[in-house]
Amino acid sequence: MENKKEITMFFATDDAYVPFLAVTLQSLEQNADRNYNYKIKVLNTDNISVENKSKLIAEYSRDVFDIEFVDVSPYIEKISAKLHTRDYYSKTTYYRLFIPTMYPELDKALYLDCDIAINDSISKLYNTELGDNYVGAIPDQSVKYLSKEFQEYVEKRVGVEKYDQYFNAGILVMNLKKLREIDFENKFIELLSNIKFNVAQDQDYLNVICKGHVTFIDETWNQMPLPVEIERPAKPKLIHYNLSFKPWRLDDVLYEEVFWNYARKTSFIYDILETKRSYTKEMQENTERQTIKLMQLTKEQADDAEENARIANIIKNILGE
C-alpha cells in the first residue's frame with residue numbers, strides 16, 4: 001500500500017458549534033487532495049454529545065479522513081480561573097494554545113476555526129514553508145479594513161509594529177517544533193498572569209509571542225465577508241465567517257451561497273436552519289450594541305498611554321525582547 005503523507009488538523013468546539021464544524025468538514029472533504037491522509041482532532045472539554053460525535057464520525061471519518069475527539073480539560077483546568085472571555089466568545093478559543101505541548105511528536109499542524117468554508121485543497125495551506133518562523137498566518141482583514149479603532153489598538157496596546165502585520169488566529173499553520181523550543185505554553189501562561197487582553201483575547205497573546213516570527217500567507221486563505229469595498233478574489237480558497245457576519249444568523253452575507261451549498265449536504269442542515277430561524281431581531285440588536293461597546297473599548301485602551309507602556313515593559317521582560 002502506498003504511504004501517504006499525513007496532515008494533522010485541529011479544531012476546537014463545543015456542542016453548540018458542532019453543526020458549523022460539520023459544514024467545515026464537508027467543505028474540507030469535497031476539496032481534499034486524496035494523496036494525503038487527514039488526521040482531524042477536535043479539541044473539547046467533554047462537552048460534545050455522544051450523538052453528535054457519532055454523527056460526525058459516521059459522515060466524515062472515512063476514506064482518507066480520521067476524526068478523534070480530544071478532551072483538553074486537564075490543560076484548561078490548571079489555568080481556568082485566569083481565562084477571560086467576552087460577548088459571544090467561549091473558552092474554546094484558548095484550546096489551540098496547548099497543541100504544541102499536547103502533541104510533542106508533531107512538528108507541524110493546522111489549526112482552523114469552525115466558522116469557515118474551504119474552497120481549495122487544504123494541503124496547499126499546510127505545505128506553506130515556515131522556516132524558523134513560529135506560525136504561518138494571514139493578516140486580519142477586520143483590523144486591516146474595518147476599523148481605525150482596531151488598527152490603533154493592535155499597534156498601541158498589543159504592540160505590533162504595523163496594523164497590517166497583526167494576524168487572525170482562526171487560520172494557523174503551526175510550527176509546533178519551534179513553538180516548543182521557545183517554551184510557548186509557559187510564555188503564554190506568564191503573559192496571561194500579568195496582562196489581560198480583553199479585545200481579541202488569545203489572538204492578542206499569539207500576536208505578542210509570535211511578533212517578528214510570522215510567515216504571512218495570501219489573504220485568499222482567510223477571506224472575510226466584511227461589508228467594505230475591497231478587491232476580492234473571484235474564488236476565495238477559504239472563507240472565514242468572522243465576527244457577526246454569519247449566514248446562519250443574517251441574510252445577504254457575502255459568500256453566503258458558498259456556506260449554504262456545503263451546509264445542505266450535511267445531516268445538520270435542519271439544526272442550522274433552526275438556528276437561523278431562532279435568531280431574533282433582539283439578538284441582532286444586542287450584537288450591534290456589543291460591537292459599539294467593543295469599538296469604545298479598543299479606543300479607550302489604545303489611548304491609555306500609561307497602561308500601554310506598562311504592558312510593553314512586561315512583554316519585554318517575559319519575552320526577553
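This is a stop-by-stop tour of the predicted model shown above.

**Before you start**

The model is predicted: local features need pLDDT of at least 70, side-chain atom pairs count only at pLDDT 80 or more, and totals for chains, interfaces and linings use all residues. Residues are numbered from 1 along each chain as its sequence is written, and side-chain values use heavy atoms, with hydrogens and water left out.

**Stop 1: the whole chain**

Show the chain as a cartoon. It has 14 helices and 9 strands. Both are DSSP runs numbered from the N terminus: helices are H or I with at least four residues, strands are E with at least two.

Now fit a box. Along the principal axes, the C-alpha atoms fill roughly 55 × 50 × 40 Å. The radius of gyration is 19 Å, which agrees with the value near 20 Å for a compact globule of 321 residues. That radius is taken over C-alpha atoms, and the globule rule is 2.2 Å times the number of residues to the power 0.38.

Colour by burial next. Buried residues make up 55% of the 321 residues. Buried means under 20% relative accessible area, exposed over 50%, and partly exposed in between, with a 1.4 Å probe and protein chains only. The chain exposes about 14,400 Å², and carbon and sulfur atoms supply 46% of that area. Areas come from the Shrake-Rupley method with a 1.4 Å probe; for residues, only the protein chains shown count as cover.

Then look at contacts (heavy atoms within 4.5 Å). Among those between residues at least 6 apart in sequence, 78% join residues at least 24 apart.

**Stop 2: strand β6**

Select residues 135-139, which form β6. Is this strand enclosed or open? Of its 5 residues, 5 are buried, so β6 is largely enclosed by the rest of the structure.

Add β7, residues 167-175. β6 and β7 run antiparallel and are joined by 4 bridges. Strands pair if DSSP finds at least two bridges between them. Pick P139: its bridge partner in β7 is F167.

Add β8, residues 214-216. β6 and β8 run parallel, with 3 bridges between them. Pick V135 here; V214 is its bridge partner in β8.

**Stop 3: the loop before β6**

Select T128. It sits in the loop between α5 (122-126) and β6. With a relative accessible area of 15%, T128 is buried. Leaving aside neighbours within four places in sequence, T128 is in contact with K108, V173, T215 and I217.

Stay on K108. Its charged end sits over the ring of Y126, 4.9 Å from the ring centre. The criterion is NZ of Lys or CZ of Arg within 6 Å of the ring centre and within 35 degrees of the ring normal. For another such case, select K55, whose charged end sits over the ring of F268, 4.0 Å from its centre.

**Stop 4: aromatic pairs**

Show the rings of Phe, Tyr and Trp. The structure holds 14 aromatic pairs. Select Y38 and F65: their ring centres are 5.0 Å apart and their planes at 15°, so the pair is stacked. Y38 lies in β2 (36-44) and F65 in β3 (65-71), 27 residues apart. Y38 and F65 are both buried.

Move to F188 and Y205. Their centres are 5.5 Å apart and their planes at 80°, so this pair is edge-to-face. F188 is in α9 (184-194) and Y205 in α10 (202-210), so the pair ties together parts 17 residues apart in sequence. F188 and Y205 are both buried.

The pairing rule: ring centres (for Trp, the six-membered ring) lie within 6.5 Å; planes under 30 degrees apart count as stacked, over 60 as edge-to-face and the rest as tilted.

**Stop 5: the cluster and α11**

Select Y17, F20, Y241, W248, F259 and W260. They form one aromatic cluster.

Extend to helix α11, residues 256-263. Which of its residues are buried? They are V258, F259, W260, Y262 and A263. These buried residues pack against α1 (18-31), β5 (116-118), β9 (238-240) and α12 (269-278).

**Stop 6: two positive phi angles**

Select D46, in the loop between β2 and α2 (50-60). D46 is not a glycine, yet has a positive phi of about 55°. Its relative accessibility is 56%, so D46 counts as exposed.

Finish at L243, in the loop between β9 and α11. L243 also has a positive phi of about 55° without being a glycine. At 15% relative accessibility, L243 counts as buried.
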